[in-house]
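User: Please take a close look at a single part of this one for me. Pick a helix and follow what goes on around it.

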Amino acid sequence: MVSDKFRRQLRQEANLWRTEGLIDAQLYEQLSERYQFNRLETAARDRFVMILLGLGSILIGLGTISFVAANWQELPRNGKVTLLLSLFIGVNIAGFYLWRRPNGAQQRLGHGFLLLGAIILGANMGLMGQMFHISGPFYELLLAWGVGVLAMAYSLRLTSLSVLAIIIIGLGYWSFWWNWEGASWSNSYYYEEFSWSSQMGQHMPLLASLMFVPLAYWCRSRVIFGLAAIAVISSLEANLRPLSLGLFNLFSLKSTGIVLAIALALPPALLWGYDDSLWVYSDLNRVPKPNQIFPASWQGGSWGGSFRPLARRLALVFLGVVLYLSSSLWFWGVLSKMSSAEQSARVTWFPLVDVVILSGLAIFAWLRLLWLTRSLRTRREEILTTIAIGIFICFMAGIPVWHLTVQPIPLLATFIGNVLLFLLAAALMRQGLAQAERSAFWGGMMLLIVRILTWFVLSATGLVFKSLLFILCGITAIAIGLWFERYVHTLEIKN
């Protein structure tokens, strides 16, 4: 949809072109009819009226809420329930009616009412529980509220409601995890509590992938997919933490190294091996063009979008963060202390169900990826990149196991982490130069600069030397940035 600002600017320029003789009256009329110049003033008036109506509705709503709050205790229970349900149903019906209107201003107002209805849903659930004396932890309210908003998002295919649902469920999960983590040390049976909220929290990585990833395809939103990937990875890392503190033994070896290897290797393996055809229909008989890894039918279905590039960018971000941490001697010292700590709490094995399922999906995705790269005409560069990422993941899984279960190797682990970090930075910069991708080039550059600055900041050098180093890095970044932009401009002209 073309914005009113663009149409107004286009009308001004078109009038100027017609005055200067660059276009004739017929072409101007065609532009006027196409972009509806005659409705600009009407649209501005309608927008002003909708703003007044919205402001008035907000004031009326605040007044109504204040009146109800002042007389809330005097209202009977049936009156309270009727009032809450009427408010929720009325706001959502009004929002749905306006959202289906063709007018843009009315659609935006209806969109706002639908968001307000989602917020009212949470307030109604809390007040209903208070009226009927339904007690429970706060995270149960957040999780139930988030599931309700998620159902609204699926039914309306709205990105805003989807983002709101992910945020609410995320807040509920982290509230649960905070209580879960805090109570585990004082109550050894806390992990054995069986309830819908505890099971939802313990299996959030798997549930998040089932709830949010299909919603991203349903709404055709990369924002939802990015938040879904972050939710899956962050909940997986959080649920693995209690299992990595030496709380049980596995094959007479400390479990910390094995669990840490899973925590460091499984997320990038899942993200890099992700395939859109796992969720949408794909035509395996279609051969891709030489300049693309997969056919268009595999890239997000009929709407032509693909979440695979975003998943791989997130995998590279995760790799960069982990390699930055592993390039420090402090990181391996902290892991050694965590491994030697003795804990007495007991933990159930329920979170391992998610680990097993997600690990199986990662292995299946990589086997399928290797089969496709061998059976289809895939570019040699793409094959080498996948092999390199696989080697990185193997190192990230093998070093913690050796360091924490066989023999501590902090110096060698730090050296390998620095080597892998510089190789990743160099590969990103090379890809940025070869394909004129600013994000890849500057990602590798920032990774390299941050690691060098960390070396010198933590070293025992003088403050004057550190200040000169910061100035030198700033000048170097500016010079490289100007050179890269000039290079990209020259490459675009050649293409």
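Analyst: Let's start with surface patches: they're built from residues with over 30% relative accessible area and no salt bridge, with like charges joined within 9 Å and nonpolar side chains (Val, Leu, Ile, Met, Phe, Trp, Tyr) within 5 Å. Areas come from the Shrake-Rupley method with a 1.4 Å probe, and for residues only the protein chains shown count as cover. Bear in mind that this is a predicted model: local features need pLDDT of at least 70, side-chain atom pairs count only at pLDDT 80 or more, and totals for chains, interfaces and linings use all residues. Numbering runs from 1 along each chain as its sequence is written, and side-chain values use heavy atoms, leaving out hydrogens and water.

My pick is helix α12, residues 308-326 (helices are DSSP runs of H or I, at least four residues, numbered from the N terminus). V317, V321, L325 and W330 make a nonpolar surface patch of about 400 Å², and α12 gives the most to it, three residues. L325 sits in this helix and is partly exposed at 33% (buried is under 20%, exposed over 50%, partly exposed in between; 1.4 Å probe, protein chains only).

R308, also in α12, pairs with D275 in a salt bridge, closest N and O atoms 3.9 Å apart (a side-chain nitrogen of Lys or Arg within 4 Å of a carboxyl oxygen of Asp or Glu). D275 is in the loop between α11 and α12, 33 residues from R308, and both are buried. D275 also bridges to R368, at 2.2 Å. R368 is in helix α14, so that pair ties together parts 93 residues apart in sequence. R368 is buried at 17%. Shared partners join D275, R308 and R368 into one network.

Key. Helices (H or I, at least four residues) and strands (E, at least two) are DSSP runs, numbered from the N terminus.
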